[in-house]
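This report looks at how two chains meet, and it is best read with the structure open alongside.

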Amino acid sequence: MLPPYADFLGLSIEASDGAPVLVMPFGPDVIGRPDFLHGGAIGGLLEMAAVVALKHALDADGGGRIKPINVTVDYMRGGRDKLTRAQGTVTRLGNRVANVEAIAWQDEPDRPIAAARMNYLIVR
Amino acid sequence: MPGDDNAAPSIGFDPRLFFKLRFVNHSGRLGIGYRDHGDDWVELTLPYAEELIGDPSMGVLASGPILALMDMATSVAVWRKLDAFKPHATLDLRIDYLRPARPGQTVIGRGECYRITRSIAFVRGQAHDGDPADPLAHVAGTFMAAEGYW
């Protein structure tokens, strides 16, 4: 279900009430400056969480292919040496465009380390 | 790391030497390398790799590695504009994905720091896969130095 890039990040999927939660382990493959996650790895995780949430919503709505239009990532806290979780939320699923948000956290979801907002083009 | 607590940004920063350090980290694992630089800009390369594919049916790179490339290129551009290494963190980064990267092609990311204040650096950049006039991504963002850039 997940593409090669998700394996590259070491992602696994956790079931949840809403969209699936993605879990990323800490390690040399995803660090930037010593002892902290790389902003690119956090952004990649957020994008994967958004894609998983959107596919989840799209499958329940007739399916379709998606193409990323843009992403804006806000980095709020340094990512430390522990598991990072991320979950996407589809705020609007239109016929041609979807608006999706995603947050990444380490301890509690209400203390995010980063959040992102994306637009996706949908080809039905 | 070529870190330095010297308040005067005069020690010089050479991105070519920086990338020769071959860090065991995310950008090293992605294979991101040095290509070129100027006073306030840097060009880095991201080689195509099957393990970075986001859409297996098309063989197109995921957007995440391109985000990481542009985060790195704009970050290093800040150190070029300062001509010094200063620890900083990405505050925000926005990417427009103009088109998919061509399978098999190395992606070239150019980052530029166009304005820097004591605590915030403003950056922008573009990525292409051979022809700078045919960009595949455009970025704008900010970095913050917790201890200040000077």
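## Contact between chains A and B

In this predicted model, strand β3 of chain A (residues 65-75) pairs with strand β5 of chain B (residues 89-97) in the antiparallel sense, over five bridges. Within this pairing, Val71(A) stands opposite Ile95(B), a residue of β5(B).

Taken as a whole, the contact between the chains brings 27 residues of chain A against 30 residues of chain B. On the chain A side, α1 (4-8), α2 and β3 each supply at least two of the touching residues, and β3(A) gives the most, with eight residues.

The helices also meet across the chains: the axes of α2(A), residues 39-59, and α3(B), residues 63-82, come within 8 Å and cross at roughly 150°. An angle over 145 degrees counts as roughly antiparallel, and α2(A) and α3(B) are therefore roughly antiparallel to each other, with a crossing that is right-handed. In this contact α2(A) contributes Gly39(A), Gly40(A), Ala41(A), Gly43(A), Gly44(A), Glu47(A) and Met48(A), which meet Ser63(B), Gly64(B), Leu67(B), Ala68(B), Asp71(B) and Met72(B) of α3(B).

The make-up by class is set out below, for the helix contact and for the side of chain A that touches chain B.

| Contact | Nonpolar | Polar | Charged |
|---|---|---|---|
| α2(A) with α3(B) | five residues | six residues | two residues |
| Side of chain A touching chain B | 14 residues | nine residues | four residues |

How values were computed: Residues are numbered from 1 along each chain as its sequence is written. Chains are lettered from A and ligands numbered from 1 in the order in which they are written. This is a predicted model: local features need pLDDT of at least 70, side-chain atom pairs count only at pLDDT 80 or more; totals for chains, interfaces and linings use all residues. Axes are lines fitted to C-alpha atoms, for helices over the stretch in contact, and angles run from 0 to 180 degrees between N-to-C directions. Helices (H or I, at least four residues) and strands (E, at least two) are DSSP runs, numbered from the N terminus. Angles under 35 degrees count as roughly parallel, over 145 as roughly antiparallel, 65 to 115 as roughly perpendicular and the rest as oblique. A crossing is left-handed if the near helix is turned anticlockwise from the far one by less than a right angle, and right-handed if clockwise. Two residues are in contact if their C-beta atoms, placed from the backbone, lie within 7 Å. Ala, Val, Leu, Ile, Met, Phe, Trp, Tyr, Cys and Pro count as nonpolar, Asp, Glu, Lys and Arg as charged, and the others, Gly among them, as polar. Two strands pair if DSSP finds at least two bridges between them.
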